[in-house]
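Reader: I'm new to reading protein models, and I'd like some help with this one. Could you walk me through it, one question at a time?

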Amino acid sequence: MTTPTPRRRWSLRTRLVVSAVALIAVVGAVIGTVTTIALHSYMQRQLDGKVHEFVVRAQIPRPHEPGPTQDGLEFVAMGGQPLGAVGARVGPGGTVEAGAKLDNPTGRLPEQRLAELTRAQVAALNTVPRDGRSHTAELPGLGSYRVESAKDGSLVLGLPLDSVQKTVGTLILIEACVTVAGLVAAGIAGSAMVGIALRPLRRVAATATRVSELPLHQGEVALHVRVPASESDGRTEVGQVGAALNRMLGHVGSALAVRQESETRVRRFVADASHELRTPLASIRGYAELTRRGREQPGPETRHALGRIESEAERMTGLVEDLLLLARLDSGRPLAYARTDLSPLVVDAVSDARVAGPAHRWRLELPEEPAVVYGDAERLLQILVNLLANARTHTPEGTTVTARVRAAGGAAAGCEGGVQLEVEDDGPGIPAGLLPHVFERFARGDASRSRAAGSTGLGLAIVQAVVAAHGGTVRVGSVPGRTVFTVTLPTAATSTAAATSTAWEAAARKAPATGREAPSAGRDAPSAGRDAPPAAGPPASSPAPTKPQVTPSAADSQAGHRLSTPP
C-alpha cells in the first residue's frame, strides 16, 4: 500500500496574493459579462428600431419610384438600408414566394442592386413568426439577421447582425486583455505589499527561530532574545503575537533560571557530600584493616564481617569518587590537557581488562602512526577502563572484545579530522528500551539494582561527561551479536578544550586557592579533632588514584550500565 504524498501547503504570503488576485479576477469577469450583455442588448435594440423603420417605409406607396421590380421586391433596395439587407414578399397563402438581398448599392435600377435568395434562405425566412416584432434568424450562407414582418403580413425584411457581433467581440477582447494585464499588475503589487505587511511577522518568526536554536535542555541559559518593541505593539495583530511571544520567553527564562538554580544546588550538594564522605570512608577502611591485622585473631564471622566492611567501603569510595568527578565536570572544572597518544593508553587498559576478565577474548587494533589528541591522559584512561569494564561486566564469558583506534573519516591517525576510539563486542547486545538511556546517570536495566549486576549506573555517564569536556562525542550502536561504543576526540591543539583550560588556569591564578573541591584543600585529610586511625593503619586521606585499579570492586564502580538480553 503506497503512502499518499502529503499536499504541499502554500505560505501565508502566497495564499493572500492568490486570494486577492482570484477575487479581482472574479470581479473583473462579472463586470465584463454585465458590460458585454448590456452593450449587446443596446445595439440589438438599435438594430431592431432600424428594421421596424424600414418595414414601415416599405409599406408606404412610392408612385414616383422608377423601375419597380416584377416581383415587388423594390423595397429591399430603398435608400438608407445597409449592404446585405434581405426582404421578401409573402404570398396569399402566408408563405414567402420570393426574396432578394441588397448586393450592389451602386446599381441604377433596383434589379441591378438586388440578388435573388436561395431556396434554403427563403425557407429560413418562412420560419420567422408573423407577429410584427423582430426575431433572429439564421440564413444559410449569410449569417444571423434580425427579421421583422409587416403587420399586414405582406412582406418580411431583415438586417444583418454582423456589426453588432463584431462590436461585442471587440469589446470582449479588450476586456480580456485589460483583465489579464490588471491581474498581472495586481499580483506583482499585491506580492510586494503583502511582503511588506508580513515583514514584522517574519522578524517575529526569526526571533522564535533563534530561541529554538538555543541549547535550552542543559546548562545555564541566558535567554535574552526578545521581539523588538516595534513588532510587539499590541494595537496590531502582529504586535499582539510579538508581545505574547515576549511574555512567553520571559516565563521560559524564569523557569530556566529556577531550573539552573536547582541544578546548581543539587550539584553543590553532591560535590559537598561526596567530598565530606571521602574521609569517613577512608577511616572506616583503616579501622577495619587495623582490626583485621591486630594482635588478637578475630573469629571467622568477625573476619567475614570485616571483609564485607572493607569491600563495601571500597565500593562506596568508588561511587563517591564517581559522583565527585561528575560534579566537577558539570561545574566546568578544567582538566589537565596535554598532547596524549591514545595507543599506549589503550594497551594499558586492555592489559588490565585481560587480568580482570581472563574468560573474555581481548583484541587490539592500533594504527601505525601515533593517535595524538589534546586531552587529560588520566581521564582518557578512565574512558577506556569504563568502556572495557562495561563490556566485561555485561557480556557472557567467551565474548570477544575489541579496542580499536583509528582516524575519524578514514584518514590517517592524528589528522585534523579527529581520532575515533571504538570498543566493540559480540555479546547479546543492549535491549532496545535501554539503548536511548545508556548514558544517563543511574539508568540501568536491572530494576532491582542488585549488586550481582556489578554496576552503579555511573560508568557511561562519566564517559559522556569526560568526552564532552574534551569537545568530543560518544555514541553507541547495538544489535544482537555486535555492540560498538564510538568515541570521537578532536586532535587540534587549538580545540575548545584547550581554550577552556587556558581560561580556567588564568582565573585560578587570579583567585585565592580556597576551592572546596581542590585536592590541596585541607578537607581531603582528617582534621586533628576527628578520630583518626593509628599510624599502623592506612593513610587517612584517600585521593583519587591516578589510574583506576583493576580490582573487582574498582571495576564495579567504573562499570557502565549495559545489560545483556536474557539467555
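Reader: Let's start with one residue. Is Glu424 buried or exposed?

Author: Keep in mind that this is a predicted model. The cut-off for buried is under 20% relative accessible area. Glu424 has a relative accessible area of 16%, so the word for Glu424 is buried.

Reader: Okay, and which residue does Glu424 meet in a salt bridge?

Author: Here's the general idea: side chains of opposite charge can pair when their charged atoms come close. Glu424 is in strand S11, and its partner sits in strand S13, 58 residues apart from it. The distance from N to O is 3.1 Å, and the partner is Arg482.

Reader: What does Arg482 count as, buried or partly exposed?

Author: Anything under 20% would be buried, and over 50% would be exposed. Arg482 comes out at 44% relative accessibility, so Arg482 counts as partly exposed.

Reader: How far apart are the closest N and O atoms in the salt bridge of Arg406 with Glu422?

Author: First, find the two on the chain: Arg406 lies in strand S10 (residues 400-407) and Glu422 in strand S11, so this pair ties together parts that are 16 residues apart in sequence. Arg406 is partly exposed at 41%, whereas Glu422 counts as buried at 5%. Between their closest N and O atoms, the gap is 2.7 Å.

Reader: Which residues join into one network through salt bridges that share partners?

Author: You've already met four of them: Arg406 and Glu422 form one salt bridge, and Glu424 and Arg482 form another. Shared partners bring these together with further residues in one network. The full list is Arg363, Glu365, Arg404, Arg406, Glu422, Glu424 and Arg482.

Reader: And which residue forms a salt bridge with Arg379?

Author: Arg379 is buried, with a relative accessible area of 14%. Its partner counts as partly exposed, at 25% relative accessibility. The closest N and O atoms are 3.8 Å apart, and the partner is Glu378.

Reader: How many salt bridges does a search of the whole structure find?

Author: We've looked at a few, including the one between Arg379 and Glu378. Searching the whole structure gives a total of 9.

Reader: Let's switch to rings. What kind of aromatic pair do Tyr337 and Tyr374 form?

Author: A pair of aromatic rings is described by the distance of the centres and the angle of the planes. Tyr337 is in the loop between helix H7 (300-330) and strand S7 (338-341), while Tyr374 is in strand S9 (residues 372-375), 37 residues apart. Both Tyr337 and Tyr374 are buried. Their centres are 6.0 Å apart with 5° between the planes, and that pair is stacked.

Reader: What about Phe439 and Phe485, what kind of pair are they?

Author: Phe439 lies in the loop between strand S11 (419-425) and helix H10 (459-469), and Phe485 is in strand S13 (residues 482-489), so the pair ties together parts 46 residues apart in sequence. Phe439 counts as buried at 14% relative accessibility, and Phe485 is buried too, at 1%. The ring centres are 6.2 Å apart and the planes are at 90°, so the pair is edge-to-face.

Reader: Now some helices. How do H4 and H5 lie to each other?

Author: Helix H4 covers residues 162-197 and helix H5 covers residues 199-212; their axes come within 4 Å and cross at roughly 45°. An angle under 35 degrees would count as roughly parallel, and 65 to 115 as roughly perpendicular. H4 and H5 are therefore oblique.

Reader: Which residues make that contact?

Author: By class, the contact of H4 with H5 has 3 nonpolar, 1 polar and 2 charged residues. H4 brings Gly195, Ile196 and Ala197, and H5 brings Arg199, Pro200 and Arg202.

Reader: One more residue: which ones is Val320 in contact with, leaving aside its neighbours within four places in sequence?

Author: Val320 is found in helix H7, and it is buried, with a relative accessible area of 3%. The C-alpha atoms of Val320 and Ser274 are separated by 5.1 Å, although the two are 46 residues apart along the chain. The contacts of Val320 are Ser274, Leu277, Arg278 and Leu281.

Reader: Last one: what share of the residues of the chain count as buried?

Author: The chain has 12 helices and 13 strands. Out of its 567 residues, the share that count as buried is 39%.

Terms used
Residues are numbered from 1 along each chain as its sequence is written. This is a predicted model: local features need pLDDT of at least 70, side-chain atom pairs count only at pLDDT 80 or more; totals for chains, interfaces and linings use all residues. Side-chain values use heavy atoms; hydrogens and water are left out. Axes are lines fitted to C-alpha atoms, for helices over the stretch in contact, and angles run from 0 to 180 degrees between N-to-C directions. Angles under 35 degrees count as roughly parallel, over 145 as roughly antiparallel, 65 to 115 as roughly perpendicular and the rest as oblique. Contact means heavy atoms within 4.5 Å. Ala, Val, Leu, Ile, Met, Phe, Trp, Tyr, Cys and Pro count as nonpolar, Asp, Glu, Lys and Arg as charged, and the others, Gly among them, as polar. Rings of Phe, Tyr and Trp (its six-membered ring) pair if their centres lie within 6.5 Å; planes under 30 degrees apart count as stacked, over 60 as edge-to-face and the rest as tilted. Buried means under 20% relative accessible area, exposed over 50%, partly exposed in between (1.4 Å probe, protein chains only). A salt bridge is a side-chain nitrogen of Lys or Arg within 4 Å of a carboxyl oxygen of Asp or Glu.
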